[in-house]
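Biologist: Could you walk me through this protein, one question at a time? I would like to see how each answer follows from the structure.

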Amino acid sequence: MKKLACASLVLALSLSLSTAEAAPCVYDMTPLPVIKGVVADITPTGVQLSDGTAVILPQEFLAHIHLNQKLAVRGLISVATHTVQALALDGNPPICPSTPAIPHGAFPGSPAYDTIHP
C-alpha cells in the first residue's frame, strides 16, 4: 500500500512538472537514499518536513511544492544536521531538473576554502 501511495505521489509531482523543467537523470540516482516526509514549511532554498528535516531542492522543483504535500526525494544526507541536498524526485525512474543541480562551494585551492568564519 505504501508503494502505491509513493508511486501516486511521484506521478502527481511528475505530471505537475512540465517536460521543459524535468528530465531523465544524467547520473544514476538509484544508489542515493530516499527521504520521505510531509512538507510543513516552504523556505527560499527548499522545504522543511514535518519531522524537522530541511530539504534543499533544485530551483525548478520549488514552484510545484505545496504545504502538507507528501514528498519523496533522492539526495545526500548531512551527517551533522537534519539537512538533505535533494538531487532528484524519487520515482521509477527518478526525475531530475533539466540542468543538473551540482552545488558549488569551497574546494581545496579556492580562496574560500581556507577562510575561517567566526
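Modeller: Gladly, and please keep in mind that this is a predicted model. Let's begin with the strands. Strand 2 covers residues 34–42 and strand 5 covers residues 70–77, and the two run antiparallel with five bridges between them.

Biologist: Which residue in strand 5 does K36 stand opposite?

Modeller: Strand 2 takes in residues 34–42 and pairs with strand 5. Across from K36, in strand 5, stands A72.

Biologist: Which strand is joined to strand 5 by a hairpin, and through how many residues?

Modeller: Strand 5 is bridged five times to strand 6, residues 83–89, in an antiparallel arrangement. One bridge in this pairing brings together L76 and Q85, with Q85 in strand 6. The hairpin leads from strand 5 to strand 6, and the connection has five residues.

Biologist: Stepping back, what pattern do the helices and strands follow along the sequence?

Modeller: The chain has two helices and seven strands to place in order. Read along the sequence, they give α-β-β-β-β-α-β-β-β.

Biologist: What share of the contacts with a separation of 6 or more comes from residues 24 or more positions apart?

Modeller: Some context on the chain helps here: it has 118 residues, and 32% of them are buried. Its accessible surface is about 7600 Å², with 64% belonging to carbon and sulfur atoms. Among contacts with a separation of 6 or more, the share from residues 24 or more positions apart is 60%.

Biologist: Which residues touch the most other members of the largest nonpolar core?

Modeller: In soluble globular proteins, nonpolar side chains tend to be buried together. The largest such core here has 15 residues, and those touching the most other members are V47, V55, L57, L71 and V73.

Biologist: Which element gives the most to this core?

Modeller: Strand 2, strand 3 (46–49), helix 2, strand 5 and strand 6 each give two or more residues to the core. With three residues, the element that gives the most is strand 6.

Biologist: Leaving aside neighbours within four places in sequence, what is L57 in contact with?

Modeller: L57 is one of the core residues that touch the most other members. Once its neighbours within four places are set aside, the contacts of L57 are T45, G46, V47, L62, I65, V73 and A86.

Biologist: Is there a disulfide to know about, and if so which residues form it, or is there none?

Modeller: A disulfide is a covalent bond between the sulfur atoms of two cysteines. The count for this model comes to one. Its sulfur atoms are 1.8 Å apart, and they belong to C25 and C96.

Biologist: How many residues apart in sequence are the parts that this pair ties together?

Modeller: C25 sits in the loop between strand 1 (22–24) and strand 2, while C96 is in strand 7, so the pair ties together parts of the chain whose separation in sequence is 71 residues.
The torsion about the S-S bond is about 95 degrees, so this disulfide is right-handed. To restate the separation you asked for, it is 71 residues.

Biologist: Is C96 buried or exposed?

Modeller: The cut-off for buried is under 20% relative accessible area. C96 has a relative accessible area of 5%, so C96 is buried.

Biologist: How far apart in space are I95 and M29, C-alpha to C-alpha?

Modeller: I95 is found in strand 7, and at 12% relative accessibility it counts as buried. I95 and M29 are 66 residues apart in sequence, while their C-alpha to C-alpha distance is 9.2 Å.

Biologist: Which side chains meet in a salt bridge?

Modeller: The count of salt bridges comes to one. One partner lies in the loop between strand 6 and strand 7 and the other in strand 5, 16 residues apart. Both partners are buried. With an N to O distance of 2.8 Å, the side chains that meet are those of D90 and R74.

Biologist: Which peptide bond is cis?

Modeller: The proline involved is found in the loop between strand 6 and strand 7. Omega is about 5 degrees for this bond, which joins N92 and P93.

Biologist: Last one: is N68 buried or exposed?

Modeller: N68 is placed in the loop between helix 2 (59–62) and strand 5. Its phi is near 65 degrees, a positive value in a residue other than glycine. The relative accessible area of N68 is 65%, and the cut-off for this class is over 50%, so N68 is exposed.

Definitions and conventions
Residues numbered from 1 in each chain as written. Predicted model: local features only at pLDDT ≥ 70, side-chain atom pairs only at ≥ 80, totals over all residues. Heavy atoms only, no water. Helix = DSSP H or I, 4+ residues; strand = E, 2+ residues; numbered from the N terminus. Buried < 20%, exposed > 50% of the residue type's maximum accessible area, 1.4 Å probe, protein only. Contact = heavy atoms within 4.5 Å. Areas by Shrake-Rupley, 256 points an atom, 1.4 Å probe, with all protein chains shown as cover. Pairing = 2+ DSSP bridges. Disulfide = S-S within 2.5 Å. Core = buried A, V, L, I, M, F, W, Y, C linked by side-chain atoms within 4.5 Å. Salt bridge = Lys/Arg side-chain N within 4 Å of Asp/Glu carboxyl O.
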